[in-house]
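Please open the structure in a viewer and keep a selection tool at hand. The tour below proceeds stop by stop, from the whole chain to single residues.

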Amino acid sequence: MTTSAAGHRLTRLPGGARVITAPMRERSSVSIALLVAAGSRYEEPQNRGLAHFIEHMVFKGGAHYPSARAISEAIEGVGGVLNAATDKELTMFWAKVPAAHQALAIEVLGDMVFHAGLDAAEIAKERQVVIEELRMYQDNPQEHVSTLFEEAMWPDHPLGWDTAGSEETVRDIERDACLAFLERHYHADRVVASVAGATHHDTALAQLGAALGSWGDGAAPEYRRAVPAPDGERLRFQSRRTEQANLCIGARSASYTDPDRFAVDVLTSVLGEGMSSRLFLHLREDRGLAYDVHAFTVKHRDSGALGIYIGCEPRRAAAATEAAVAELEQLASEPVGEDELRKVRALILGRLLLQLEGTSAMGNFLGQQELLSGEILLPDELVRRVEAVSAGDVQRAAADVLEAGLRGAVIGPFPKPDKFEKILART
């Protein structure tokens, strides 16, 4: 079955995998992404980090490219790049190569993902590599505070676990666990291949049809649905001797299937996207409270969060946090002016269109929508939905965030978390 719209085509192969192509004029490259609906939220407490570990292991070699060196030389030998990423709900493997080498990139990706050797000696070595990766992020407060923020948002739930797991769980990973996870999750009907750039649909379809495989089949695995945040501990706190305080505060918000997600996106941009946002202007430019301050969203199938990151001098941390909360409270009590709303809409849509000029971004944009929601909203439709967001929608979205109850994470040279807990508790 093939469908097409506005420059891209979607075909479901007989085995169940979906193929999307997006020809892009005047490009000399092509990007191929293999996306699998297998992320960290499908893990159990005892095997946290397994999806991420498997992402590492497929780079160690497959049937036709039997080593990490063979894989890298195949892609880098034609000037291409190869990488992967694991998130809560998917794992993505991607390559970008000159268009003449599309077949090679597809062959390498298919061999890696569906014919991984998973050598026991390589698994033993990679455990230490992943542990060093965990330590690297934990040693970086600006990175680690985001992990603590997700713990605060979804306590004792897979959405709140570190995608890479913990040192304890990574040390326990064995080959049998990797094989069992692949068999359970790497089904053909849980795979989307997205190709963007100087490509042709029929050619890509033939190449991918030969390369895509499957480790298992059967019903889609279940996952633990997100539950309401508990009324208990709101703050994850680490006292460290750092030169800068790092803070994330926020609350539960719209998922990527929620119609209100567009209002939340506009709210996020008004609040803290770019140097013309309220947080940047009022906290940094007007008051000098923070060097880095911005808002962001996290979206999953059945939950989401709006957050504010603050990096500042520790003595200003409490004042900066209070000021950030005050900006959110003002947005909940007073409607955004039409001029500001118009500028923010233009910012969101302009950045989207600029981003989608790249072949990798376009492939990921289409592939992730199809894999996660089964619906692809093209830029024109996104423009329509963002432009439909009113000042009242933004005000309501801000009020909903505050009503959900602020939670957060703090890393800095503070003896106790009391002052930050009081700020969060007032909402």
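The radius of gyration used here is taken over C-alpha atoms, and the rule for a globule is 2.2 Å times the number of residues to the power 0.38. The model on display is a predicted one.

**The whole chain**

Begin with the entire chain selected. For 427 residues, a compact globule would have a radius of gyration near 22 Å, and the chain agrees with this, having 22 Å. Its C-alpha trace spans about 60 × 50 × 40 Å along the principal axes. In a cartoon view, the chain shows 16 helices and twelve strands. With a surface display, the accessible surface comes to about 18,800 Å², and 49% of this belongs to carbon and sulfur atoms. Of the 427 residues, 54% count as buried. Among contacts with a separation of 6 or more, 80% are between residues 24 or more positions apart.

**The five-stranded sheet**

Next, select strands β8 to β12. In which order do the five strands of this open sheet lie? The order is β8-β12-β9-β11-β10, and the pairing is mixed. Strands β8 (235-239) and β10 (292-299) stand at the edges with a single partner strand each, so one side of each has no neighbour in the sheet. From one strand to the next, the twist averages 10°.

Now add helix α9 (residues 261-272), which packs on the sheet and touches β10 and β11 (304-312). The direction of α9 makes about 170° with that of β10. At the other edge, β8 pairs with β12 (residues 407-412) in the parallel sense, over five bridges. To see one such pair, select Phe 237 and its bridge partner in β12, Val 410.

**The nonpolar cores**

In soluble globular proteins, nonpolar side chains tend to be buried together. The largest nonpolar core here has 73 residues, and Val 266 and Ile 310 have the most contacts inside it. Helix α11 (residues 317-333) gives the most to this core, namely eight residues. Select Val 266 and display its surroundings: beyond its neighbours within four places in sequence, Val 266 is in contact with Leu 341, Val 344, Ile 348, Val 386, Val 389 and Val 394. A second, separate core has 51 residues, including Ala 116, Ala 164, Val 195 and Leu 205.

**Helix α10**

Move to helix α10 (residues 278-286), where Arg 278, Leu 279, Phe 280 and Leu 283 are buried. Their cover includes α9, β10, β11, α11 and α12 (338-355). After α10 comes Gly 288, with a positive phi near 60°.

**A buried histidine**

Select His 185, which is found in helix α7 (residues 175-185). Is His 185 buried or exposed? The relative accessible area of His 185 is 1%, so this residue is buried. Setting aside residues up to four places away in sequence, His 185 touches Val 36, Ala 38, Tyr 42, Arg 190 and Pro 221.

**Two loop residues with positive phi**

Most residues other than glycine have a negative phi. The last two stops concern residues with a positive value. Leu 118, although not a glycine, has a positive phi of about 55°. Leu 118 lies in the loop between α3 (102-114) and α4 (120-138), and is buried, with a relative accessible area of 2%. Finally, select Asp 156, in the loop between α5 (141-153) and α6 (167-171). The phi of Asp 156 is also positive, near 55°, but Asp 156 is exposed, with a relative accessible area of 71%.

Conventions. Residues numbered from 1 in each chain as written. Predicted model: local features only at pLDDT ≥ 70, side-chain atom pairs only at ≥ 80, totals over all residues. Heavy atoms only, no water. Pairing = 2+ DSSP bridges. Helix = DSSP H or I, 4+ residues; strand = E, 2+ residues; numbered from the N terminus. Axes fitted to C-alpha atoms, helices over the stretch in contact; angles between N-to-C directions. Contact = heavy atoms within 4.5 Å. Core = buried A, V, L, I, M, F, W, Y, C linked by side-chain atoms within 4.5 Å. Buried < 20%, exposed > 50% of the residue type's maximum accessible area, 1.4 Å probe, protein only. Areas by Shrake-Rupley, 256 points an atom, 1.4 Å probe, with all protein chains shown as cover.
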